[in-house]
Amino acid sequence: MEANKIQKKICVLGSANADYFVYLHHIPQPGETIQALKHLSANGGKGANQAVAAARLHGESTFLGQVGNDKEKKRLEKEMSESGVKLSWTIKEDNATGKALIFVDQTGANSIVIVGGANVDYPADLAELPVDYKKGIDESDYLMLQKEIPMIINVLAAKYAKEKKKLVILDCGG
């Protein structure tokens with residue numbers, strides 16, 4: 001990065017998942033059992049992926065979200081930290097890190113099942129943004145949101161960021 005450029009700080013509030021890819025001849029029909037060609041696992045979740053991408057592009061990246069206290073969290077923590085992402089997540093002792101089951105056929109077409117886990121484990125009556133989230137937003141220039149977490153979290157975060165005059169970006173995909 002050039003010395004005269006100011007590094008922007010991005011706060012990503014979103015999902016962190018363990019992605020499990022299953023490669024198949026075809027996507028199974030209801031009631032059908034088939035053998036996989038191969039499988040692999042990787043870190044994922046739109047939020048985690050965006051935080052890592054921002055850090056790898058030399059942005060100052062903070063990730064906010066929720067994970068379980070499990071092996072998937074440890075794998076995410078390793079990759080995200082090594083990529084330069086500041087982690088400010090909540091560890092949910094009574095829920096697992098989110099997962100995505102991604103079925104891919106030989107043409108590349110896929111079907112995805114999301115198991116929200118800790119990503120969606122927020123109180124139903126949440127009326128105020130958690131303090132750690134406010135701190136992450138306060139320390140950033142931009143707030144990036146996705147739709148893999150409850151919409152109430154996005155709304156509370158966007159309202160708070162607007163009050164603090166931060167630019168808010170919502171990834172509407174997924």
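# A guided tour of charged pairs, cysteines and a nonpolar patch

Begin by selecting K78 and E82, whose side chains form a salt bridge with an N to O distance of 2.8 Å. The model on display is a predicted one. Both residues belong to helix α2 (residues 71-82), and because they are 4 residues apart, about one helical turn separates them. K78 and E82 are both exposed. The structure as a whole has 8 salt bridges, and several of the following stops visit others.

Next, select K92 and D121. Their closest N and O atoms are 3.9 Å apart, which places the pair within the 4 Å limit for a salt bridge. K92 is in strand β5 (residues 86-92), whereas D121 is in the loop between β7 and α3 (131-138), so this contact ties together parts that are 29 residues apart in sequence. K92 is buried, at 18% relative accessible area, while D121 is partly exposed, at 23%.

Proceed to E128 and K134, a salt bridge at 2.5 Å, N to O. K134 has a relative accessibility of 19% and therefore counts as buried, the limit being under 20%. Then add K86, K135 and E139 to the selection: salt bridges with shared partners join these residues into one network.

Now turn to an acidic residue without such a partner. Select D19, in strand β2 (residues 17-23). D19 is buried but has no salt bridge. Which side chain of opposite charge is nearest to D19? It is that of R75, 7.3 Å away, and a salt bridge requires a nitrogen and an oxygen within 4 Å. To view the surroundings of D19, display its contacts beyond four places in sequence: L40, S41, A42, N43, G44, G45, R75, A100 and I102.

The next stop concerns the cysteines. How many disulfides does a search of the whole structure find? The count is 0. Select C11 and C172 to see why: the sulfur of C11 has its closest cysteine sulfur in C172, 18 Å away, too far for a bond. The closest cysteine sulfur to that of C172 is, in turn, the one in C11. The two sites also contrast in accessibility: C11 is buried at 0%, and C172 is exposed at 52%.

Finish at the surface by selecting L101, V113 and V115, which make a nonpolar patch of about 200 Å². Of these residues, V115 is found in strand β7 (residues 110-115) and is partly exposed, with a relative accessible area of 41%.

Methods
Residues are numbered from 1 along each chain as its sequence is written. This is a predicted model: local features need pLDDT of at least 70, side-chain atom pairs count only at pLDDT 80 or more; totals for chains, interfaces and linings use all residues. Side-chain values use heavy atoms; hydrogens and water are left out. Helices (H or I, at least four residues) and strands (E, at least two) are DSSP runs, numbered from the N terminus. Buried means under 20% relative accessible area, exposed over 50%, partly exposed in between (1.4 Å probe, protein chains only). Lys and Arg count as positive and Asp and Glu as negative; His and the chain ends are not counted. Contact means heavy atoms within 4.5 Å. Patches are made of residues with over 30% relative accessible area and no salt bridge: like charges are joined within 9 Å, nonpolar side chains (Val, Leu, Ile, Met, Phe, Trp, Tyr) within 5 Å. Accessible areas come from the Shrake-Rupley method with a 1.4 Å probe; for residues, only the protein chains shown count as cover. A disulfide is a pair of cysteine sulfur atoms within 2.5 Å.
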